[in-house]
Amino acid sequence: MPPRALPLTLLAMAAFAANSLLCRAALTHTATDPATFTALRLLSGAAATWAIARRGKGKGGSWPSAIALFVYAAGFSFAYVALQAGLGAFLLFTAVQATMVLAGLLRGERLGPPQWAGLALALGGLFGLLAPGRTAPPLPAALLMLAAGVAWGVYSLRGREAGDPGRATAGNFLRAVPLALALSLILLPWSRVDAAGAGYAVASGALGSGLGYAVWYAAMRGLRTTTASAVQLSVPVLAALAGVAILGEPVTARLLGGSAAILGGLALILLKAGNRRR
């Protein structure tokens, strides 16, 4: 890894993990509702990404990608009403990677025995997180976060053919804003917001998303594809640690066991995929 890529990568991963923390804090420690949080996050993200990428070249996003971005952001927000920061991040990340793997299989890619074992281990960890029990997360919230992860995986796959990634992201954020405003309008009777919640939403959109994506795109220029994928394993870990340290969320055996299986399985898939490419 080039020396310049390391600090950029660390900063980007911290920004992505901060999104989970900021959303969870807004929805549990302020009066802000998830629809308003989503609208403010996408609006501030659109402003930040457009300010960063306005001089770029290429297409400025597309409506299918914007819809995927909106589904991710809305599902993410509504899920965090009931999910812990770390648990939500693990569910999100698992769904993202599963979507990417499935897309590869549909394109004709093949998994070797170690990769199938890794996939089985990751899915077993996911089942362990969701299995009924005293510490089980609410199923509707968990399904919403998984849906958000699938949407984010679709968005990422579409982004591979988007030309200038910064400009495409800015265009997608701009297109997603009216969708989020429409959702807020539909849920207007339940709408509420305060200064703290609005601040968290703006920070999530402008810093966690806008600045985070810009830094990540710069870091990826010095990373192999497999390395970039593997590095993202750190995001749910950082979110879980921050949730415990800052929000006082409990650490359960379910979270430790399930997350260890998920991380181990995904790491095995990515490692073997990287070796096969080389």
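The expected span of a helix is taken here as 1.5 Å times one less than its number of residues. By that rule, the 22 residues of helix α7 (residues 165-186) should span 32 Å, and the end C-alpha atoms of α7 are indeed 32 Å apart, in agreement. Even so, α7 bends by about 25° at Ala 176, with a proline, Pro 178, following within four residues; the bend is the angle between axes fitted to the seven residues ending at a position and the seven starting there.

The model is a predicted one, in which local features need pLDDT of at least 70 and side-chain atom pairs pLDDT 80 or more, while totals for chains, interfaces and linings use all residues. Residues are numbered from 1 along each chain as its sequence is written, and side-chain values use heavy atoms, without hydrogens and water.

Stepping back to the whole protein, there are 11 helices and 0 strands, where helices (H or I, at least four residues) and strands (E, at least two) are DSSP runs numbered from the N terminus. Of the 278 residues, 51% are buried (under 20% relative accessible area; exposed is over 50%, partly exposed in between; 1.4 Å probe, protein chains only). Among contacts (heavy atoms within 4.5 Å) with a separation of 6 or more, 92% join residues 24 or more positions apart.

The accessible surface comes to about 12,900 Å², 69% of it from carbon and sulfur atoms, by the Shrake-Rupley method with a 1.4 Å probe, only the protein chains shown counting as cover for residues. Leu 211, in helix α8 (residues 195-220), is partly exposed, with a relative accessible area of 38%.
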